[in-house]
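Biologist: I'd like to go through this one slowly, and I'll keep asking how you know things. Could you put it up for us?

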Amino acid sequence: MYEPVGYEAYGEYEVFPNSQEALLPVEGTIARGYSLYDYDNTNEGYEAALKSLKSPLEVSEIDPKRGKELYDIYCGICHGNKGAGQGTLVKREKILGVPSYADRAITTGSIYHVIYYGKNSMGSYANLLNEEERWQVTAYVEALRSELIK
Amino acid sequence: MKKLRQSLETTPNVDMKQVNNLQPLQKLIFLSLVFFSIFCTPLQAQEADPTKGKSLFNANCAACHQLDKKMTGPALRYVETRLSEDEGLDRDWLNAWIRNSAAVIKSGDAYANKIYKEYNGAAMTAFPQLSDQDISNILAYTAQDKAAPAVATVTTQAPTSTEGGLSKDIILGALAILFALLALGLFLVNKTLRRFAEANEVEIQEAVKRPSLWKAFLKNQFLLLATAIFFLLSSAYFVYGYFMQVGVDQGYEPIQPIHYSHKIHAGDNGIDCKYCHSSARVSKHSGIPSLNVCMNCHKSIYEVAPSTATEEYSKEFYDGEIQKLYDAVGWDDAEQKYTGKTKPVKWVRIHNLPDFAYFNHSQHVSVAGLECQTCHGPVEEMEIMYQYSPLTMGWCINCHRETNVKVKDNGYYEKIHEALSKKYGVEQLTAAQMGGLECGKCHY
């Protein structure tokens with residue numbers, strides 16, 4: 001009972017490729033509770049998302065408190081908690097070129113697209129946030145942006 | 001494991017930002033720069049200011065360009081001279097390109113199409129808002145010479161032993177062996193002396209018979225009993241102590257395949273624990289971040305700043321560790337793309353409960369709202385991660401007895417909290433009163 005019989009998280013077992021238990025989902029499958037994302041990781045995909053992708057969340061489902069919590073963990077470190085592009089890493093000159101949301105013509109769709117795939121030197125956050133959380137963060141970014149533009 | 005450690009002492013280096021106290025040489029460069037840009041662009045009203053250029057560059061261009069290193073776009077140091085000398089392109093072309101590169105490409109410009117293809121059709125953002133003055137400021141910044149590397153004096157330190165625990169054991173062992181040898185020597189000397197005495201027929205006078213101490217001791221029953229009890233108790237104490245530490249790995253501090261420092265990431269740079277340990281919010285495990293999470297930052301951070309280096313760990317050492325990360329994910333930093341050749345990093349697991357105990361992070365982190373540091377200690381100060389808490393059953397139980405349940409903003413708890421606080425007659429319930437001591441909650 002001290003040594004588990006079953007496979008433990010992050011264990012090393014021969015049955016897995018590379019003996020690595022942590023695996024990616026099988027190609028072409030979608031986990032329960034997720035849906036298909038139809039836009040490609042290309043400039044065209046970005047343009048299409050910018051124009052036509054809309055949030056599935058009802059207004060009543062948007063929870064700014066949770067949005068802020070998630071934003072502060074995952075985005076604030078670069079973009080700053082106000083979204084002006086002055087996060088801790090930028091102030092310490094570790095990462096440069098983080099834009100203020102006010103300076104970009106972004107929409108709900110493009111924000112979600114950027115969280116999903118990343119853009120240039122910004123990476124993807126699709127594996128850290130689930131689908132609903134990504135939309136919450138998107139809504140929060142939009143709120144920050146309208147604050148900044150005001 | 002003994003290795004020479006090098007420390008870098010950097011002389012205070014002259015920063016580009018401090019224009020007011022420029023060194024003579026830099027003043028010269030600065031002046032010649034100003035002249036240069038004036039001659040190049042006769043239309044320009046004002047002098048180009050590389051300092052303003054730097055902040056514009058950092059805000060707009062640095063996401064894709066660096067001065068000396070290929071990123072999403074090409075390296076930009078001396079771009080203006082390079083383009084005019086190699087391609088015959090002037091400031092007007094640059095202005096047009098920077099304001100709207102897509103339009104220049106569409107117009108069929110040969111060089112624009114060539115470089116666009118070279119970068120696999122990566123689109124450069126259009127910057128219609130930049131004025132001529134802004135652009136010449138930026139170009140003045142890109143035309144600056146590279147700051148001479150800070151003069152470094154390398155001092156080598158005497159190797160420090162990291163094996164304190166081991167060497168103590170060795171010393172003790174050596175001492176014990178020494179004593180054993182001494183005793184053996186004395187015994188042998190005694191024996192040979194006696195043999196000599198016998199051979200030389202010297203009479204050794206036996207001491208007058210006195211009742212020996214040993215016999216007296218054996219006769220005194222009380223003393224005998226007392227010592228027996230003493231020995232039994234003290235050995236019981238040690239046996240108990242020995243058994244209690246079986247399976248407790250407090251202070252365990254293995255050497256990891258990549259020297260990853262929580263002090264630098266979570267402490268100095270203030271990265272949230274959950275940025276990397278993101279499943280702590282929602283699941284049993286906190287998880288170790290997959291390497292693509294590291295690359296969110298390390299695509300841009302390919303070396304540490306000289307100020308990050310310490311006495312113990314040099315900049316070269318840290319840069320080498322980042323290189324290990326690149327090797328593991330298969331990132332070619334010079335070409336700025338993935339090679340596809342990966343090799344998983346085998347982190348050594350530190351915290352591990354036996355399989356019969358159930359512990360869930362989300363229950364403690366999200367529901368109870370506990371800080372990671374309550375259980376894992378001052379992680380943001382750990383250069384090397386170690387196990388801070390004993391992780392024994394007593395440790396879990398103690399905390400459940402002392403910690404109140406967080407009921408605020410948790411609709412799920414309203415009813416049960418009301419009922420239980422009436423039952424126990426208290427305002428605040430502890431985790432124990434809510435059932436945190438029931439064996440089945442932690443043991444399957």
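Modeller: What follows is a chat about how the labels on this predicted model are earned.

Biologist: Let's begin with chain A. What makes up its secondary structure?

Modeller: Chain A has six helices and zero strands, so the elements read α-α-α-α-α-α from the N terminus. A run needs at least four residues to count as a helix. Its C-alpha trace spans about 60 × 35 × 30 Å along the principal axes, and 39% of its 150 residues count as buried.

Biologist: How do you know how far to trust chain A?

Modeller: By pLDDT, the predictor's confidence on a scale from 0 to 100. The mean for chain A is 88, with 99% of its residues at 70 or more. In chain A, confidence is lowest in helix 4 (residues 88-91), at a mean of 89, and highest in helix 5 (residues 108-117), at 93.

Biologist: Why is the pair Tyr116(A) and Tyr117(A) called edge-to-face?

Modeller: There are 26 aromatic pairs over all chains. In this one, the ring centres are 4.9 Å apart and the planes stand at 80 degrees. Rings pair if their centres lie within 6.5 Å, and planes over 60 degrees apart count as edge-to-face, so the label fits. The two tyrosines also belong to a cluster linked by ring pairs, along with Tyr37(A), Tyr39(A), Tyr112(A) and Trp135(A).

Biologist: Are Tyr116(A) and Tyr117(A) buried, exposed or partly exposed?

Modeller: Buried means under 20% relative accessible area and exposed means over 50%. Tyr116(A) comes to 22% and Tyr117(A) to 25%, so each is partly exposed.

Biologist: What makes you say that the charged end of Lys119(A) sits over the ring of Tyr46(A)?

Modeller: The charged end is 5.3 Å from the ring centre, and the cut-off for that distance is 6 Å.

Biologist: How do you know that Lys346(B) forms a salt bridge with Glu12(A)?

Modeller: Their closest N and O atoms are 3.2 Å apart, and the rule asks for within 4 Å. Lys346(B) lies in the loop between strand 4 (337-338) and helix 15 (361-367) of chain B, while Glu12(A) is in the segment before helix 1 (43-52) of chain A, so this pair joins two chains. Both Lys346(B) and Glu12(A) are exposed. By that rule the count is 13 salt bridges over all chains.

Biologist: Why does Arg66(A) with Asp63(A) count as a salt bridge?

Modeller: Because the N to O distance is 3.8 Å, and that passes the 4 Å limit. Together with Glu132(A), Arg66(A) and Asp63(A) are linked in a network of salt bridges. Arg66(A) is partly exposed, at 29% relative accessibility, and Asp63(A) is partly exposed at 29% too.

Biologist: What about a salt bridge within chain B?

Modeller: Take Glu80(B) and Arg91(B), whose closest N and O atoms are 2.8 Å apart. Glu80(B) is in helix 3 (residues 79-87) and Arg91(B) in helix 4 (residues 91-99) of chain B, 11 residues apart. Both Glu80(B) and Arg91(B) are buried.

Biologist: Last one: why is Phe179(B) called exposed?

Modeller: Its relative accessible area is 56%, and exposed means over 50%, so the name holds. Phe179(B) sits in helix 8 (residues 164-199) of chain B. It joins Ile171(B), Leu172(B), Leu175(B), Leu178(B) and Leu182(B) in a nonpolar surface patch, with about 630 Å² of accessible area together.

Methods: Residues numbered from 1 in each chain as written. Chains lettered and ligands numbered in written order. Predicted model: local features only at pLDDT ≥ 70, side-chain atom pairs only at ≥ 80, totals over all residues. Heavy atoms only, no water. Patch = residues over 30% accessible without salt bridge, like charges linked within 9 Å, V, L, I, M, F, W, Y side chains within 5 Å. Areas by Shrake-Rupley, 256 points an atom, 1.4 Å probe, with all protein chains shown as cover. Salt bridge = Lys/Arg side-chain N within 4 Å of Asp/Glu carboxyl O. Buried < 20%, exposed > 50% of the residue type's maximum accessible area, 1.4 Å probe, protein only. Phe/Tyr/Trp six-rings, centres within 6.5 Å; stacked < 30°, edge-to-face > 60°. Lys NZ or Arg CZ within 6 Å of the ring centre and 35° of its normal.
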